[in-house]
Amino acid sequence: MNVFVTGNMGYLGSTLTKYLNKTYSDIKIIGYDTGFFGHSLTGSDFIPEQGLDIQYFGDVRDIKQSMISGVDAIVHLAGVSNDPIGMEFEDVTSEINRQASVKLAKLAVKENVKNFVFASSCSMYGQTDGGSKKETDTTKPLTAYARSKVGTEEDLKNTNLGNMNFTSLRFATACGWSERLRLDLVLNDFVACAITSGKISILSDGTPWRPIIDVEDMCRAINWGINREIDNGGQYLPINVGSNKGNYQVKQIANSVAKMIPNTKVLINKEALPDKRSYKVDFTKYENLAPNYQPIISLNQSILRLKNGLKKMNFSNKNFRESAFMRLNTLRKHIENNRIGKDLRWKIF
């Protein structure tokens with residue numbers, strides 16, 4: 001199997017390529033990444049890209065059709081990765097996350113790629129009222145990042161996909177250990193707070209709902225997507241990926257971290273304005289279509305892996321929210337040093 005992975009040098013991509021190599025003995029992995037975070041290794045003795053057959057460096061807006069010739073599946077992870085970056089680079093977010101994604105999918109159709117797997121997000125549901133959101137429910141994206149995910153799905157729903165299966169994995173909020181760790185994710189942030197200061201300060205009142213999924217379980221879902229047949233969900237398939245038992249309120253996540261890391265205090269800001277980004281999600285469809293690829297990493301296991309990984313690094317930076325572990329900070333530093341422009345393109349190469 002030949003698999004083309006965009007954004008392979010990111011938080012999820014670094015874990016995915018390792019996972020695929022362990023899962024398949026005959027796989028050829030082609031990576032494509034701009035390299036913004038390639039230097040952001042976390043306690044690794046070698047770069048994960050050593051396990052790839054080919055590594056391209058380039059902007060996702062510039063992928064050439066020849067690069068995906070002979071590819072069986074595309075895993076499209078590349079993009080502006082969260083709400084804060086999307087807020088600061090709103091127009092570029094649409095250009096990268098939506099327009100470039102649709103362009104790549106159309107190139108894939110021309111090259112007769114069998115499966116196109118798109119990394120989407122449950123954040124597209126925005127603020128939910130009532131029960132857990134299903135794939136058929138109306139989306140209410142509150143941020144540029146979430147709108148870009150909704151827009152990509154809408155565009156490809158109205159595109160002739162030829163013989164290609166399109167799977168949009170609406171992931172729960174990512175968490176867990178990676179060789180390119182991000183700490184701008186709720187669980188990861190809480191574990192880092194507990195280890196460095198013994199205190200978790202929740203910036204909201206703690207009531208918003210977040211479904212979460214470990215990065216390793218995200219890899220399982222992608223593995224399902226690159227092998228999915230048309231009779232398993234149809235040619236065009238947007239699907240929530242996570243576990244029904246993985247829906248937590250933010251304060252529940254914080255309290256779980258405090259139990260796993262002794263002497264941690266949880267402080268809730270009762271004066272905080274309501275966080276409108278609150279959503280419970282129904283993952284029954286994924287459970288039914290992909291029974292052999294269900295999440296198996298528990299919340300406590302994710303916490304333990306993060307705890308052990310950070311302690312192995314001797315991680316002690318109480319001001320980590322100002323560090324390169326936050327993706328927006330890395331981009332700002334690249335811009336400050338004139339390495340990239342505000343269009344998020346490299347200037348020095």
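A disulfide here is a pair of cysteine sulfur atoms within 2.5 Å. Keep that cut-off in mind for the cysteine stops on this tour of a predicted model.

**Whole chain.** Start with everything shown. The protein has 10 helices and 12 strands. Its radius of gyration is 19 Å, close to the 20 Å that the globule rule gives for 349 residues, so the protein is as compact as a globular protein of that length. Along the principal axes, the C-alpha atoms fill a box of roughly 55 × 45 × 40 Å. Turn on the surface: about 15500 Å² is accessible, and carbon and sulfur atoms hold 47% of that. Buried residues make up 57% of the chain. Of the contacts with a separation of 6 or more, 83% join residues 24 or more positions apart.

**Helix α4.** Select residues 144–157. At 1.5 Å a residue, these 14 residues should span 20 Å, and the end C-alpha atoms are indeed 20 Å apart. Is α4 largely enclosed or not, and why? It is largely enclosed by the rest of the structure, because 10 of its 14 residues are buried. Among them are Tyr-145, Lys-149, Glu-153 and Leu-156. Now add the neighbours. The buried residues of α4 pack against helices α2 (83–88) and α3 (90–110), and against strands β5 (115–121), β6 (165–171) and β10 (236–241).

**Cysteines.** Select Cys-122. It is buried, at 0% relative accessibility. Its sulfur lies 13 Å from the closest cysteine sulfur, in Cys-175, too far for a bond. Move to Cys-175, buried as well at 1%. The closest cysteine sulfur to its own is in Cys-219, 12 Å away, again too far for a bond. Searching the whole structure gives 0 disulfides.

Terms used:
Residues numbered from 1 in each chain as written. Predicted model: local features only at pLDDT ≥ 70, side-chain atom pairs only at ≥ 80, totals over all residues. Heavy atoms only, no water. Helix = DSSP H or I, 4+ residues; strand = E, 2+ residues; numbered from the N terminus. Expected span 1.5 Å × (residues − 1). Buried < 20%, exposed > 50% of the residue type's maximum accessible area, 1.4 Å probe, protein only. Contact = heavy atoms within 4.5 Å. Rg over C-alpha atoms; globule rule 2.2 N^0.38 Å. Areas by Shrake-Rupley, 256 points an atom, 1.4 Å probe, with all protein chains shown as cover.
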